[in-house]
Amino acid sequence: MTASSVTSPATTRAVPDPDVLALGPFLSPAIFGKRADQSSPVRPHLGSIKRQGRDANWGRGRDGDGGEKMSNDGADAVPLLTPHKMGRFDLSHRVVLAPLTRQRSYGNVPQPHAILYYQQRTTKGGLLIAEATGVSDTAQGYKDTPGIWTKEQVQAWKPIVDGVHAKGGIFFCQIWHVGRVSNSTFQPNGQAPVSSTDKPVNSVHVAKFTPPRRLETGEIPLIINDFRIAARNAIEAGFDGVEIHGAHGYLIDQFLKDQVNDRTDKYGGSLENRCRFALEIVEAVVDEIGPEKVGIRLSPFANYSGAADSNPEALGLYMAHELNKLGILYCHVVEPRKVKLGENFENPYNLGPMRDAFKGTIIVAGNYNRKDGNNAISSGYADLIAYGRLFLSNPDLPRRFEIDASLNKYNSETFYIPDPVIGYTDYPFLSSDI
Ligand SMILES: Cc1cc2nc3c(=O)[nH]c(=O)nc-3n(C[C@H](O)[C@H](O)[C@H](O)COP(=O)(O)O)c2cc1C
């Protein structure tokens, strides 16, 4: 691809609202769906266990704030440290860097400090998923999140991707549109954010979100095309593939979930219609870069920013079947995560049918520690585990899991600060003599 095929918007960027910036992507407990007393533990589906021919031995331990020594559950063969073949990628282990918004891409342009940050978390044959990256100038909802729709952004990603490749990592770019989880100050010309609906986000932070404008049916192909071009640009930047962000209440989820999507056209109403937008995006991206380079992240069971569904199991299963037809590489499913210290939300739904239906690699994420991850792998519940907060604070997380070492605590106060070092590249590695 030539650089000229990289799109550049004609619109100018607005100055972000400091109040909105303070919000951060994942702060409101109200967005985390089921309450603890509604829940029952997740169990691996029998089909998965049979496939592995093992006892599930399922258990979800506590990780506290990520700091204490974890129990040794059999260091001889650490399931998380076993290889996995994902399409043409030979992964050397199953500890994936989850996509993590860090808000250090000033003016939506990735910065050189991200080279060190991602390199620190790279292992030979390890999979990293880059932070959510905007597909267009209407895709933004937070200050200083990266984009991949301009030439400058694509160029800025290149040394970061090169840094990961130099250490033998496999790097996917998560491509993103926030939809209504935004504010007009982030939008070109101060316009309203776009969504499947004109209903505003129903959250404790409702004042921070500008009521959205419902996309007209005829505009939807334009958004789909933004994802297509973003995927092309990601490959141009050197990424090994893209993860389409279909989770967490952002634009794609706003179409998928029946508690948000109130459309009466072919993108609303029935399950099939609500999934159409997501699947047309996947199809366009597959058409552009090939199915072997495409993953998707979904959170059918969660309720972020009011994006809940009345039948998440049917939603997840339908998507799994339809994604099979498009032959994509992986499906990354988010389970509700702990939102308060000492309180562990468990997913009341069963991922098993979706896991069994989907033919590609299954990645799961959501409050996993070493023990949970090992159990999920050995039971066949998942192929790979994405770690967010623990990988953020432990750049050498696979090595620590390998030797069952203590973990650094994460500091949530520094998740989203703009500092290029603090809370970003200053988490310590194990000393070399361990
Ligand atoms: C600081 C931070 C930033 C995050 N940014 C993203 C993001 O950009 N895209 C995304 O899909 N999920 C994002 N997440 C969710 C994580 O990928 C992950 O699913 C979540 O943290 C649960 O995993 P954990 O319990 O291992 O942290 C973020 C989470 C945190 C803590």
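**Helix 7**

I began with helix 7 and found a kink of about 40° in it, centred on Phe 277. I note here that the model is predicted. I then looked up the extent of helix 7: it covers residues 271–289, 19 residues in total. From first C-alpha to last it reaches 27 Å, close to the 27 Å expected at 1.5 Å a residue.

I asked which residues of helix 7 are buried. The list is Asn 273, Arg 274, Cys 275, Phe 277, Ala 278, Leu 279, Ile 281, Val 282, Ala 284, Val 285, Val 286 and Ile 289. Phe 277, the centre of the kink, is therefore among the buried residues, and I note that Asn 273 and Arg 274 are on the list too.I next looked up what these buried residues pack against. The strands are strand 6 (170–176), strand 9 (241–246) and strand 10 (294–298). The helices are helix 5 (220–237), helix 6 (251–256) and helix 8 (312–326). Just after helix 7, I found Gly 290 with a positive phi of about 100°.

**Cores**

I looked for the residues that touch the most other members of the largest nonpolar core. They are Tyr 118 and Ile 175, in a core of 87 residues. Helix 7 gives the most to this core, with ten residues.

I listed the contacts of Tyr 118, leaving out residues up to four places away in sequence. Tyr 118 touches Leu 97, Leu 128, Ala 130, Glu 131, Trp 157, Ile 160, Val 164 and Phe 171. There is also a second, separate core of 15 residues, which includes Ala 98, Leu 329, Tyr 330 and Ala 386.

**Ile 115**

I checked Ile 115, which is in helix 3. Is Ile 115 buried or partly exposed? Its relative accessible area is 24%, so I entered Ile 115 as partly exposed. Since the cut-off for buried is under 20%, Ile 115 does not qualify for a nonpolar core, because core members have to be buried.

Ile 115 touches Pro 159 and Ile 160, again not counting residues up to four places away in sequence. Ile 160 is also on the contact list of Tyr 118. I took one distance, C-alpha to C-alpha: Ile 115 and Val 164 are 7.7 Å apart in space and 49 residues apart in sequence.

**Positive phi outside glycine**

I noted two residues. Asn 108 has a positive phi of about 70° although it is not a glycine. Asn 108 lies in the loop between strand 3 (95–97) and helix 3 (113–120), and at 4% relative accessibility it counts as buried.

His 248 has a phi near 60°, also positive and also in a residue other than glycine. I placed His 248 in the loop between strand 9 and helix 6. His 248 counts as buried, at 6% relative accessibility.

**Cysteines**

How many disulfides does a search of the whole structure find? It finds zero. I looked up two cysteines for burial: Cys 173 is buried, with a relative accessible area of 0%, and Cys 331 counts as buried at 0% relative accessibility. Cys 275 of helix 7 is buried as well.

**Whole protein**

I closed with the totals. The secondary structure comes to twelve helices and 13 strands. Of the 434 residues, 61% count as buried. Among contacts between residues at least 6 apart in sequence, 76% join residues at least 24 apart. The accessible surface comes to about 15,700 Å², and 53% of it belongs to carbon and sulfur atoms.

How values were computed:
Residues numbered from 1 in each chain as written. Predicted model: local features only at pLDDT ≥ 70, side-chain atom pairs only at ≥ 80, totals over all residues. Heavy atoms only, no water. Helix = DSSP H or I, 4+ residues; strand = E, 2+ residues; numbered from the N terminus. Expected span 1.5 Å × (residues − 1). Bend = angle between axes of the 7 residues up to and from the residue. Buried < 20%, exposed > 50% of the residue type's maximum accessible area, 1.4 Å probe, protein only. Contact = heavy atoms within 4.5 Å. Core = buried A, V, L, I, M, F, W, Y, C linked by side-chain atoms within 4.5 Å. Areas by Shrake-Rupley, 256 points an atom, 1.4 Å probe, with all protein chains shown as cover. Disulfide = S-S within 2.5 Å.
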